[in-house]
Amino acid sequence: MECFEIRNVSFSYPDAACPALRDLNLTIHAGEFLTIAGQSGCGKSTLLRQLKTPLTPHGIRRGEVLFEGVPLETVDLRTQTARIGFVMQDPESQIVTDKVWHELAFGLESLGLDTPAIRRRVAEMAGYFGIEAWFHRDVSELSGGQKQLLNLAAVMAMQPSVLILDEPTAQLDPIAATDFLETVCRINRELGVTVLLTEHRLEEALPMSDRVVVMEGGRIVACGLPAAVGKELQEMGHPMAQSLPTPLRVAAAAPHACGQPPVTVREGRAWLTAYRESYALGPVPPEPACPLRTGTPALELEEIWFRYEKEAPDVLRGLSLRAYPGEILAVMGGNGAGKSTALSVASGLLRPLRGCVRVHGVPQGTGGRTSRALLGVLPQNPQALFIKKTVREDLEDVLKQDAEPGLLAKTARRCHIEALLDRHPYDLSGGERQRAALAKILLLSPGILLLDEPTKGFDSAFKAEFADILTSLAIEGVCVVMVSHDIEFCAKYAHRCVMLFDGMAVSEGTPRAFFGGNSFYTTAANRMARSILPGAVTAEDIIAACGGLSGPSGPQRGGNPARGTAGKPENADTRTPESLPSPDHAAPKRSDGAEQPDRKRRRIPARTAAALAVILLLVPLTIYLGIRVFDDRKYTFISLFVLLEALLPFFLLFEGRKPQARELVVIAVLCAIGAAGRAAFAMLPDFKPVMALVILSGAALGCETGFLVGAVTMFVSNFFFGQGPWTPWQMFSMGLIGFLAGLLFAGKGTRPGKVFLCLFGALAALLIYGGIMNPASVLMYQSYPTWEMIAAAYLTGITVDAVHAVSTAFFLWVFARPFLEKVERVRTKYGLME
């Protein structure tokens with residue numbers, strides 16, 4: 001029985017130059033363990049997110065996805081939530097509660113299960129995954145491996161029939177990653193759950209897999225049994241051949257065939273033993289010479305002690321290590337050993353309680369900005385480095401004025417990001433973002449390079465190129481210190497390795513001495529050849545002893561036949577998304593299944609006219625009846641009634657389709673910001689950012705949203721400022737301003753200028769808000785109002801309105817451009833309010 005059937009699926013992101021998926025066909029059988037591999041940006045994550053509607057990115061899609069024989073778009077969200085489990089790459093992004101047991105129960109509560117059923121399932125999952133010991137702990141106290149295991153347990157508590165995992169071990173140490181993947185394999189083997197896994201660590205994933213799919217440029221280039229796919233990749237000379245398990249690579253590179261190609265370490269040991277009996281094994285090649293460790297260290301940590309809080313346990317406990325110019329030092333250890341903390345102390349981001357950090361012999365902090373300028377830091381989450389709209393702007397931001405011409409282009413080529421320069425950094429895949437962040441750090445020309453998990457998200461081809469970059473920097477005298485869980489990379493390219501445990505350096509040595517003495521924290525090659533070839537720690541060592549030729553299995557980037565024309569980016573395609581073939585010639589669909597709107601023929605919808613009628617007729621009539629019928633004594637009831645009327649245009653906005661949660665969240669956040677902004681400026685009478693926010697909401701998201709944000713913001717904020725008969729008037733006034741802003745500025749195709757926005761804001765404060773609220777003060781408190789009273793109230797309040805107008809213009813001038821840029825990006829990326 002088919003679990004998923006993907007038929008001719010093509011997908012393009014908004015404004016993308018080329019599609020992310022192209023004519024993709026794949027059948028996934030029930031109970032199967034399927035691993036999807038490929039280089040960064042090949043479309044793996046995009047494909048997985050097509051298999052669960054709430055996670056599907058916004059864009060244009062052709063083709064269809066069937067889940068258990070039914071089109072996925074027709075499967076209700078509750079069924080998808082319960083039957084399709086999804087574990088993301090970052091453990092933090094999926095955890096939503098503060099306690100472990102809360103997290104296990106959260107999904108079950110969302111599904112509406114009764115309390116006995118929730119307790120039974122939570123207890124079952126806690127026992128199955130072995131988390132009873134930390135069942136009552138805070139989530140913040142867990143290690144990365146425990147958090148990811150908790151995510152898996154929380155998903156499995158809902159008893160899904162299929163489990164989708166998007167690079168779940170990217171942030172785990174090797175032992176935790178192996179334990180996690182073995183748990184996933186046990187779920188597949190013992191429970192019959194279908195598993196779809198994307199993973200760069202094929203060493204552990206491939207032996208567990210029933211079938212392997214390799215993607216390239218949004219297409220499938222290989223599919224079949226692990227051994228067969230490995231052989232096919234080797235014959236193709238594909239860069240992914242370097243990611244294959246060590247036993248497969250060794251057998252493929254050996255000059256003589258010896259039985260079936262091995263996949264697991266056990267099979268590899270048996271193969272190597274049989275090979276030794278049939279053919280003579282040569283010696284393991286000598287270890288490459290390390291740079292001389294003489295003179296003053298480039299970076300020195302001496303007896304460093306550190307804790308995050310006064311009463312918390314020590315994270316670093318007398319840590320001492322030295323790194324020299326021209327050296328690549330790998331700092332390794334399990335999650336929670338203190339590696340990232342040590343890197344933060346070395347960079348000056350954290351100050352140690354005791355001990356000293358020296359940069360070229362000078363204590364840190366005494367050298368001023370000069371010592372800090374020598375340091376380049378690549379954090380574990382490189383997203384924090386990007387603050388501009390495009391990668392190019394971010395790189396230009398760090399260029400020095402005296403930089404050599406063409407340095408940016410040279411660095412972009414060096415890091416293979418030429419095709420990414422004009423894209424938003426947040427739209428890149430994990431590996432692409434890591435490469436862009438590396439380019440930004442290299443432009444600073446640091447003397448000491450501190451890298452925290454630098455190979456996270458890198459494919460095998462770029463890992464080799466990244467190693468060339470580090471090697472060339474070391475030759476130039478740069479000191480490279482990297483914290484990494486990538487054992488294979490460190491064993492092959494590091495000059496020296498240090499093991500951290502419990503905040504201390506417990507082991508140190510060259511890669512061969514370091515890994516040769518470990519039983520578990522070592523490479524697959526060392527485990528495979530330990531008793532046969534002592535001293536072999538990399539696949540290249542074993543291949544050389546077998547008499548084979550090590551090195552890339554084929555051309556690198558730009559010259560790979562599988563990539564097409566040399567020099568083109570990995571996703572290059574001369575076709576536009578509109579020209580992609582579609583077997584049924586159906587109209588393109590958005591990711592939510594609805595047809596893509598034709599923007600050229602879009603007219604002002606009837607709902608806008610209906611909304612205008614509600615605002616100009618129904619709301620004033622409600623306020624008038626509240627004054628005349630209830631004598632302003634039922635102002636809370638009237639406020640709620642006005643609020644319902646404010647929601648009516650918003651409901652009309654979604655006529656014919658269901659609103660997405662992401663749309664409601666954006667509007668709720670805008671209302672919350674408005675209420676918080678009004679409270680934050682409470683000490684300044686009438687100098688508030690509320691009207692500016694309402695105007696920008698209407699200009700960015702349309703009339704109905706502008707009216708709703710204005711009305712709800714005033715209603716909610718009055719819980720702090722006091723409810724009264726003035727509340728319905730404030731809701732109406734602010735909502736009307738938001739509606740008019742949407743009418744004037746939204747949907748014009750160009751961003752409104754700051755001058756026009758400021759002018760509109762000032763006039764709206766004087767004429768609309770003041771023109772309604774000042775007469776309202778007479779209507780609220782006078783039984784027999786006259787025109788003279790209204791005129792006097794307006795003139796009396798003109799100074800207050802002037803302050804309101806100035807503040808609105810000020811906030812619009814300061815925040816209009818960044819606010820509209822952010823909201824327009826969110827609207828385009830997620831397809832909001834279409």
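These legends go with a set of close-up views of one predicted model.

**About the model.** This is a predicted model, in which local features need pLDDT of at least 70, side-chain atom pairs count only at pLDDT 80 or more, and totals for chains, interfaces and linings use all residues. Residues are numbered from 1 along each chain as its sequence is written, and side-chain values use heavy atoms, with hydrogens and water left out.

**View 1. The whole chain, to get your bearings.** The chain holds 29 helices and 21 strands. Both are DSSP runs numbered from the N terminus, with helices being H or I of at least four residues and strands E of at least two. Of the 834 residues in the chain, 51% are buried. Here buried means under 20% relative accessible area, exposed means over 50%, and partly exposed lies in between (1.4 Å probe, protein chains only). About 36700 Å² of the chain is exposed, and carbon and sulfur atoms supply 58% of that area; the areas come from the Shrake-Rupley method with a 1.4 Å probe, and for residues only the protein chains shown count as cover. Among contacts between residues at least 6 apart in sequence, 71% join residues at least 24 apart, where contact means heavy atoms within 4.5 Å.

**View 2. Helices α15 and α16 side by side.** Helix α15 (residues 430–442) packs with helix α16 (residues 460–475) at an angle of about 10°, and their axes are 13 Å apart. The axes are lines fitted to C-alpha atoms, for helices over the stretch in contact, and angles run from 0 to 180 degrees between N-to-C directions. The two helices are therefore roughly parallel to each other; that label covers angles under 35 degrees, while over 145 is roughly antiparallel, 65 to 115 roughly perpendicular and the rest oblique. On the α15 side look for R435, L438 and L442, which meet F462, F466, I469 and L473 of α16. The residues of this contact divide into six nonpolar, no polar and one charged. In this count Ala, Val, Leu, Ile, Met, Phe, Trp, Tyr, Cys and Pro are nonpolar, Asp, Glu, Lys and Arg are charged, and the others, Gly among them, are polar.

**View 3. An aromatic pair between distant parts of the chain.** The whole structure has 16 aromatic pairs. Rings of Phe, Tyr and Trp (its six-membered ring) pair if their centres lie within 6.5 Å; planes under 30 degrees apart count as stacked, over 60 as edge-to-face and the rest as tilted. One of the pairs, F687 with F810, is tilted, at 6.1 Å centre to centre and 40° between the planes. This pair links distant parts of the chain, 123 residues apart: F687 sits in the loop between α23 (661–680) and α24 (690–701), and F810 in helix α29 (residues 798–830). F687 is partly exposed at 23% relative accessible area, and F810 is also partly exposed, at 44%. Both rings belong to one aromatic cluster with F681, F811 and F815.

**View 4. A buried helix, α9.** Six of the eight residues of helix α9 (residues 246–253) are buried, so this helix is largely enclosed by the rest of the structure. The buried residues are T246, P247, L248, R249, V250 and A251. They pack against α7 (202–208), α8 (226–236), α10 (265–278), α19 (524–529) and α20 (539–545).

**View 5. Two loop residues, M158 and I387.** M158 is in the loop between α5 (144–156) and β7 (162–166), and is buried with a relative accessible area of 14%. Leaving aside neighbours within four places in sequence, M158 is in contact with T81, A82, G107, L108, L111 and R121. I387 lies in the loop between β16 (375–378) and α13 (391–398), and is exposed with a relative accessible area of 58%. Setting aside neighbours within four places in sequence once more, I387 is in contact with D394 and D397.

**View 6. Positive phi at D23 and E167.** D23 has phi near 45°, a positive value in a residue other than glycine. You will find D23 in strand β2 (residues 21–29), partly exposed with a relative accessible area of 27%. Phi of E167 is also positive, near 45°. E167 lies in the loop between β7 and α6 (174–191) and counts as buried at 8% relative accessibility.
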